[in-house]
Amino acid sequence: MKATAKRTLTPRAAVLATAAAVALIGSTGAATAFADDDAPAPHSSVQLPQNQRHLDDTAKDRAQVKADKISQSEATTKALKAAPGTATSAELDNADRNGSLIWEVDVQGKDHKNHDITIDAGNGKVLNKHTDRDDDAAQDAAETQAHLKADKTGHDKATAKALKTVPGTVTAYSLDDNDRDGSTVWEIDVLGKDHKNHDITIDAANGKVQSQHIDHDDQDDNDGDDD
């Protein structure tokens, strides 16, 4: 078996290597230039006040739901028009830099690529759209396709089931792995009419509720978590 020697770069070699990497990034175009940290913050027609942008999760969700004008269903429909395919996740959130209230929707496109679409939570306009192109994009897309193959429920039925279990407003949904057994599930966040956050897990194969608990994220005592 051939041994592999560990190389240590001299200071000059390290500088040259860094310069080469910079040159490579420049020559391949802005493949990562539009990453969220570099791109301008989306500017929606609704902004949260400064004092509501960094609240604990439940209080923040209450403020966001109150300000939101677009339901998750409407946001998903808008996203699917922008990138035809299947919605795999959505979340009502605000941009940290300016407080703009947005829906962030992920779509597995008909091109078998993952697309991220930002929807204005005030008027439903598409504020931003990009296709995942990072180093893990192909692997992520393959994992999403595997989830979709296992899913027999779809986000419409999953969110409807969640709202039947806990009446309120869906603030997020995601098609993902169950941490316990690796099965494909829909994870739905609902701000209930009781003004509490509920986490609901739906079996993607049969549409049944696997678990449901209240998320006490701030000052409340320990909840009835399934963990």
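## A hairpin to start from

Strands β1 and β2 make a hairpin with six residues between them, and Gly99 in the turn has a positive phi of about 75°. Helices (H or I, at least four residues) and strands (E, at least two) are taken from DSSP runs and numbered from the N terminus. The two strands run antiparallel and are joined by nine bridges. Among the paired positions, Asn94 stands opposite Leu101 in β2, while Ala87 has Val107 of β2 as its bridge partner.

On to another partner of β1: three bridges join β1 to β5, again in an antiparallel arrangement. Here Ser89 has Ser174 in β5 as its bridge partner. Seven of the ten residues of β1 are buried, so this strand is largely enclosed by the rest of the structure. Buried means under 20% relative accessible area, exposed over 50%, and partly exposed in between (1.4 Å probe, protein chains only).

## How far to trust the model

This is a predicted model, in which local features need pLDDT of at least 70 and side-chain atom pairs count only at pLDDT 80 or more, while totals for chains, interfaces and linings use all residues. Residues are numbered from 1 along each chain as its sequence is written, and side-chain values use heavy atoms, with hydrogens and water left out.

The average pLDDT (the predictor's confidence in each residue, from 0 to 100) is 82 for the protein, with 78% of the residues scoring at least 70. Among the elements, strand β6 (residues 184–192) has the highest mean, 98, and helix α1 (residues 11–27) the lowest, 39. Residues 1–37 stay under 50, and the model gives them twelve contacts beyond four places in sequence; contact means heavy atoms within 4.5 Å. Residues 218–227 are also below 50, with 14 contacts beyond near neighbours in sequence.

## The sheet and its helices

Now for the overall layout. The protein has five helices and eight strands, which follow the pattern α-α-α-β-β-β-β-α-α-β-β-β-β along the sequence. The eight strands form an open, antiparallel sheet in the order β4-β3-β2-β1-β5-β6-β7-β8; two strands pair if DSSP finds at least two bridges between them. At the edges are β4 (126–131) and β8 (209–215), each with a single partner strand, so one side of each has no neighbour in the sheet. Neighbouring strands are turned by 20° against each other on average, direction ignored.

Helix α3 lies across β1, β2, β3, β4 and β5, at about 50° to β2. Helix α5 lies across β5, β6, β7 and β8, at about 45° to β6. Axes are lines fitted to C-alpha atoms, for helices over the stretch in contact, and angles run from 0 to 180 degrees between N-to-C directions.

## The nonpolar core

The largest nonpolar core has 29 residues, of which Trp103, Val105, Tyr173, Trp186, Ile188, Val190 and Ile200 touch the most other members. Such a core is a set of buried Ala, Val, Leu, Ile, Met, Phe, Trp, Tyr and Cys residues joined through side-chain atoms within 4.5 Å. Elements giving two or more residues to this core include α3 (72–82), α5 (154–165) and β7 (197–203), and β2 gives the most, with four.

Take Val190 as an example: beyond four places in sequence, its contacts include Ala162, Leu163, Val170, His198 and Ile200. Across the protein, 36% of the 227 residues count as buried.
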